[in-house]
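Trainee: Got a minute? I'd like to go through this one with you.

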Amino acid sequence: MRKFSLSLAVLAGCVALVAGSALPGQESGRKPGNNAAAVARGKTIFQQKCTVCHYDTSDQKKIGPGLKGISKRGTFSVNGNKITDENLKAWIENGDQLMPGLKDSLEASQIKDVIAYVKTL
Ligand code: HEC
């Protein structure tokens, strides 16, 4: 009987270990350049550089179009282009007559991060 409860305790310990290591945040947190971390960084950049003109929680127009749902919609409302990393990069870097391009105020890696975030909207 003592042996039995001991092995039960060991078993419980293993289950706790496995459950612990399966936490999504912990797992992805170890890989460099992983998407969850990029999205988190991108959100901060978005709040600093984009929220003046864009909502991320609504598709209502602020100064520019609300970006909520842009990924699901799959196309830019401004020009009908597909929502791809390349097109978002070109857009964010260069803007247009109404949106200032941000290639001088953001690092390439920051643009990548903000794209990762915009794609989750
Ligand atoms: C000074 C205001 C301003 C800032 C800052 C700004 N934008 Fe814009 N953005 C606009 C305007 C205005 C448009 C619409 C342009 C048009 O209609 O031709 C636009 C359009 C867009 C579009 C296309 C939306 C669609 O539905 O087609 C995306 C994507 C976008 N912006 C992303 C961003 C991101 C990401 C940032 C921050 C890195 C940013 N913008 C910063 C004003 C801004």
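Mentor: Sure, let's talk about the ligand and what surrounds it.
Mentor: Keep in mind that this is a predicted model, where local features need pLDDT of at least 70, side-chain atom pairs count only at pLDDT 80 or more, and totals for chains, interfaces and linings use all residues. Residues are numbered from 1 along each chain as its sequence is written, and side-chain values use heavy atoms, with hydrogens and water left out.

Trainee: Okay, how many residues surround the ligand?
Mentor: There are 23, and Cys50, Cys53, His54, Asp96 and Met99 are the closest. To count, a residue needs a heavy atom within 4 Å of the ligand.

Trainee: Which helix gives the largest share of that shell?
Mentor: That's H5, with 3 residues. Helix H4 (70–73) and helix H5 (85–94) each supply at least two; helices here are DSSP runs (H or I, at least four residues), numbered from the N terminus.

Trainee: Switching to the iron atom, which protein donors does it have?
Mentor: His54 (NE2) and Met99 (SD), 1.9 to 2.1 Å from the iron. Donors are N, O and S atoms within 2.8 Å of the metal (3.2 Å for Na, K and Ca), and sites may look incomplete because water is not among the atoms.

Trainee: Where do those two sit?
Mentor: Histidine 54 is in the loop between helix H3 (35–49) and H4, and methionine 99 is in the loop between H5 and helix H6 (108–118), so the pair ties together parts 45 residues apart in sequence.

Trainee: And what about serine 77?
Mentor: One of its polar side-chain atoms lies 2.6 Å from a ligand oxygen atom, a polar contact being a pair of N or O atoms within 3.5 Å.

Notes. A polar contact is a pair of N or O atoms within 3.5 Å; within protein, one must be able to donate a hydrogen and the other to accept it, and residues adjacent in sequence count only if both atoms are side-chain atoms.
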